[in-house]
Amino acid sequence: MNYLSAERLSKSFGERVLFDNISFGISQGQKIALVGINGSGKSTLLKILAGLEDLDSGEVIYNNEVKVAFLDQQPSLPNDLTILNAILASDDPVTKLIKDYEYYLSNPSSSGELSEIMEQMEKVGAWNYENQVKEILGKLGIHDLGQKIGQLSGGQKKRVGLAKTLIEKPDVVILDEPTNHLDLEAIEWLENYLSTANTALIMVTHDRYFLDNVTNEIIELDHGKIYRYQGNYAYFLEKKAERELNAHAEKEKARNLYRKELEWMRRQPKARGTKAKYRVDAFQQTKEKAHVHLDHSKVLLDVKDRRQGGKVLEINKITKSFGKEEILEEFSYVFKKGERIGIVGKNGSGKSTFLNIITQKLLPDAGEVTLGQTTHIGYYEQAEPVFAPGYKVIDVVRDVAEVVSLSDGSTVSVSKFLGLFNFSVKAQFDYVEKLSGGEKRRLQLLLVLIRNPNFLVLDEPTNDLDLSTLRVLEDFVANFKGCVIIVSHDRYFMDRLVDHLFVFSMGKPVRDFVGNYTDYRESLEQETQAPKESSKPKVERVKTAPRKMSFKEKRELEEIEKELETLAQKKESLTNQLNSGEGDHRDLAQWGTELQRVEKEIDAKEMRWLELSELE
């Protein structure tokens, strides 16, 4: 069933064309990731689909039976409402009953009215609904439902908005960066919830694990046009590279033809009559192809390495509390050259507080932080950057430096350095308030690196950056010779870049775990399974001579070897089909399901083969 049709959509802001005459549809169960560079119009397109932004031309058509919910990057919720009332702000009869029940429970007027509401709730199954509401809120780290929205941080409001979106149980969910401000446990829960929910979904996300595990299609918004890819993120990168290569080849071919046709146009003024009109029209089409904009400029991170001495940074028995809530207790650590540390923990466990202490933005209650004489910290903060209104992009950067030292020892002007960060000359003279959220983040990163730090502290660096910039940032950090501390909910980013983790837990000492985030999650799973295994009564096993293989088992082993060979060929064939780019989304879904079944069968038969092969 088709839920949504976007037909011939166009949108511009002044001379800046976001998209022109684009069309696509969303069907039941379809889960789409919308990707593109910062400023390409992704968030604007989502708002148009949600009916919150006007179009220049075109229309969005919804199925009349479809319910739509939208989560903005910064949800707008009434400050005077409690969390529960904001969540249940709906005309739905069930949610109205729950609001009445909660009201009379906290403000009893008469037992008769409360009893009547409870009976009605029983009839419509509202008890079950209320439990679901509280479960979703709990999974997203929202527990005090009586707290006012006006008292919440931006991240807490985002989680309340996300909870409200999911609780409404829409047919189409539109999400703009849903993983921002969530801790890793909440992201993993949301990932599982969305991947199993029978809803249509279109979202903007930079989280590649999340994208791969939730979506089954990618729509790329590039220079005002859209391109669709049926497959995962790796498939998208491969096909995008092919598309760009073909586009450049077509442009070069058109340019050669254009030069020939241009000579004819100049040489033959009389040929522009009726008989040659077809050629004149063809010339105009060739001209458009020859001059099509194919500039895919990418951010280039390049700064000079600053020498670092033997002493980097030492923290000695630092303690920090807020009221009765203890964040750190006598924590000590000596940082070493080239060390790469990730920091994980639930929201509110003290991760950002710790970063503020080591960057000396916040004093500890006790203990001391000692910075090496040659250590220069570059701190990329989680809070969205606030720039003075009326400032142009180039002025913001010139306030920090006039020239920048690059890795090869050369220096470049601020304007040239902005160009490396994919700010065109025109964009450099735009006012900062006109920048998109992602562009502001890119400017914030530039302001950190322009000072040539040798100790990077990155607090949620992946928020609002497009996937292209994110890959460049990863490569830069991977090759960075100084010390790095990263707080991030992006599991791919953490897995690639960190050597060990500081694990923060409320009321517990900071734990130093050797390994990346995936290693840490696997260790947690093993720890949860260990008590179950240890609770079983131990049975003393008597050592016996190894058993010999029976004739029947020998035959089984031979059959398994043949079957594994057949299954391996089938797996290779299905993989080739998925990578071929052929077939529609139904074919791809069928091939993907069959590939999963074949892989499970291979795993099972390999396990049995190992069991049999151990027998004599």
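Which residue follows H6, and is its phi positive or negative? Select Lys-169: this residue comes after H6, and its phi is positive, near 50 degrees. Keep in mind throughout that the model is predicted.

**Stop 1: helix H6**

Step back and select residues 154-167, which form helix H6. The helix has 14 residues. From first C-alpha to last, H6 reaches 20 Å, close to the 20 Å expected at 1.5 Å a residue. Now colour H6 by accessibility. The helix is mostly covered, with eleven of its 14 residues buried. Among the buried residues are Gly-155, Lys-158 and Arg-159. The run from Val-160 through Gly-161, Leu-162, Ala-163, Lys-164, Thr-165, Leu-166 and Ile-167 is buried too.

**Stop 2: the cavity**

Next, look for enclosed space. The structure holds one cavity of 30 Å³ or more. About 60 Å³ of space lies in the largest cavity. To see its lining, select Leu-34, Val-35, Gly-36 and Lys-42, then add Glu-177. Continue with Val-204, Thr-205 and His-206, and finish with Leu-465, Asp-466 and Leu-467. Colour this lining by class: five residues are nonpolar, three polar and three charged.

**Stop 3: Asp-399**

Move to Asp-399, in the loop between helix H12 (393-398) and strand E15 (403-405). Is Asp-399 buried or exposed? Its relative accessibility is 56%, so Asp-399 counts as exposed, the cut-off being over 50%. Last, add Leu-447 to the selection and draw a C-alpha to C-alpha distance from Asp-399: the two are 9.9 Å apart in space. In sequence, 48 residues separate Asp-399 and Leu-447.

Definitions and conventions: Residues are numbered from 1 along each chain as its sequence is written. This is a predicted model: local features need pLDDT of at least 70, side-chain atom pairs count only at pLDDT 80 or more; totals for chains, interfaces and linings use all residues. Side-chain values use heavy atoms; hydrogens and water are left out. On a 1 Å grid over the protein atoms alone, a cavity is a set of points where a 1.4 Å probe fits but cannot get out, and a pocket is an open set with protein on both sides within 12 Å along at least five of seven lines; lining residues have an atom within 4 Å of a point. Grid points are joined across faces, edges and corners, and a volume is the space filled by probe spheres set on the points. Ala, Val, Leu, Ile, Met, Phe, Trp, Tyr, Cys and Pro count as nonpolar, Asp, Glu, Lys and Arg as charged, and the others, Gly among them, as polar. Helices (H or I, at least four residues) and strands (E, at least two) are DSSP runs, numbered from the N terminus. Buried means under 20% relative accessible area, exposed over 50%, partly exposed in between (1.4 Å probe, protein chains only). The expected span of a helix is 1.5 Å times one less than its number of residues.
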